[in-house]
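Colleague: I would like to learn how to read the features of a model like this one, step by step. Could we begin with the way its elements are named?

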Amino acid sequence: MKSRTSGQAIKSARVRRRFVDRKAATLRSSELRFRRLFETSQDGILILDGATHKILEANPYISQLFGRHDLVGKSLSELGILADALPFLQALEKLQPGECIRFENSWQFPGKPGVAELEFVCNSYDEKGRWLIQCNIRDIAQRRHAERKLRDALQQLAMVKRGLEARVLERTADLQQRNAELEAFSYSLSHDLRAPIRAIVSFTQLALEEYGKTVGPPATEFLQKAVASAQRLDRLILDVLAFSKATRQPLTTEDVNLDEMLRDILQERPECAPPKAEIKLEEPLSSVHGDRASMTQCLTNLLDNAVKFVPLGQTAKVRVYTRPSGERLRLYVQDNGIGIPESAQPRIFDLFQRAHNGYEGHGIGLAIVRRAAERMGGRVGLSSIPGQGSTFWIELPKARSGQ
Ligand code: ADP
């Protein structure tokens, strides 16, 4: 009869064995999973000895890729499968346990055209005191091919871009030349038109003086209308010439004292004085850097408009002031006039744009202001409320002297 103690010992030995068996079975199935992973992987996997760099294991994919089944036991340099093995082997030498390196290399398939492009990702680890290196090797030929195509496409794109830029430059130069020719043509045409118009005015006035009394009305009224029309035409031509000048004349930029310039302009313009207008220059009017003749033209046009576009019989009250605007200076001309309808405001600086009937003009003054300001490196703008007034501004570089 077995003793009670030996029965217990047998029982616990069985429990231990069951436990060990279960552990071994779990280990086997885990090993099986990893082995399947190793064998079916579509990346090549090599396990190298960390000290000798000899291949300990190679998965089927890498054998198939290299077309060799004798990899185990050899080193990569022995196999001669890398185009330039030295840097790779040097990197492996330096690889410390726990580290990882990435490396690209190419390999010539024996007997086949073309070169395989391979990416190696190697990490080293310690397995029970033995230093191992695992290399995952991927064929990146397709990726490289796509990269090369992308590079080629980008190069082609850059070439097309350069070609287009050259064409744009060529066409711009061509357009600029044609534009200059047209401007020169319109300038000389306008200029030449003035002489016959002045002759028409003079001869009609002479006819009025000599024969006015004889012929009497309505013939004299017709002749007076002819003089007025010819004079209007002459003013239009003068405006066109001024526009042409604002476009073509060479600029000489310097610091311009706006206060002095505005006082000079006002002195010469009786229409800007009471009772017709009250103009207040708000001090200090800082200086700008621009072309003196262009500035005079711009300020004259803005002041003329400010005193012109007021309801009949009303005194124009105009305020002129400057404010800094970043690196530039803005000069404002604010009036209490009839204002400009909102719909007309966006195009009011375009050539021949007019927003009101019943006031003299040809819609050229503001186009001159904009063109001149832009040529001096500036810009223009406005805000206006119909029936209450307008504020036009012109923005130019500040005076260099810092006044
Ligand atoms: P012009 O005065 O010869 O008509 P401009 O180019 O100077 O030409 O002005 C274009 C139009 O802009 C004017 O016809 C007028 O309708 C409008 N305008 C310009 N300045 C003012 C202003 N200060 N107040 C109201 N309307 C203005």
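Modeller: Helices (H or I, at least four residues) and strands (E, at least two) are DSSP runs, numbered from the N terminus. The model is a predicted one, in which local features need pLDDT of at least 70 and side-chain atom pairs count only at pLDDT 80 or more, while totals for chains, interfaces and linings use all residues. Residues are numbered from 1 along each chain as its sequence is written, and side-chain values use heavy atoms, with hydrogens and water left out. With that in hand, leucine 193 is found in helix 5, which covers residues 141-215.

Colleague: Is leucine 193 buried or exposed, or something in between?

Modeller: Buried means under 20% relative accessible area and exposed over 50%, with partly exposed in between (1.4 Å probe, protein chains only). Leucine 193 has a relative accessible area of 41%, so it counts as partly exposed. Serine 186, which also lies in helix 5, is partly exposed at 29%.

Colleague: Which residues make the nonpolar surface patch?

Modeller: Patches are made of residues with over 30% relative accessible area and no salt bridge, like charges being joined within 9 Å and nonpolar side chains (Val, Leu, Ile, Met, Phe, Trp, Tyr) within 5 Å; the areas come from the Shrake-Rupley method with a 1.4 Å probe, and for residues only the protein chains shown count as cover. Here Leu182, Phe185, Leu189 and Leu193 make a nonpolar patch of about 400 Å².

Colleague: How should I read a sheet, and what is the strand order in the one that contains strand 7?

Modeller: Strands of a sheet pair through backbone hydrogen bonds, either parallel or antiparallel. Two strands are taken to pair if DSSP finds at least two bridges between them. This open sheet has 5 strands in the order 7-9-10-12-11, with mixed pairing. Strand 7 (277-281) and strand 11 (379-385) stand at the edges with a single partner strand each, so one side of each is left without a neighbour in the sheet. Strand 11 pairs with strand 12 (residues 389-397) in the antiparallel sense over 7 bridges, and valine 380 stands opposite isoleucine 394 in strand 12.

Colleague: Which strands does helix 8 lie across?

Modeller: Contact means heavy atoms within 4.5 Å, and axes are lines fitted to C-alpha atoms, for helices over the stretch in contact, with angles running from 0 to 180 degrees between N-to-C directions. Helix 8 (residues 292-308) lies across strand 7, strand 9, strand 10 and strand 12, and runs at about 140° to strand 9. Helix 7 (residues 258-267) lies across strand 7, strand 9 (316-325) and strand 10 (328-334), at about 165° to strand 7.

Colleague: How many salt bridges does the structure hold?

Modeller: A salt bridge is a side-chain nitrogen of Lys or Arg within 4 Å of a carboxyl oxygen of Asp or Glu, and the structure holds 29 of them. One of these joins arginine 194 and aspartate 234 at 2.8 Å, N to O. Arginine 194 lies in helix 5 and aspartate 234 in helix 6 (residues 219-248), so the pair ties together parts that are 40 residues apart in sequence. Both arginine 194 and aspartate 234 are buried.

Colleague: Which residues are linked in a network of salt bridges?

Modeller: The network links Arg102, Glu104, Glu119, Arg143, Arg144 and Glu147.
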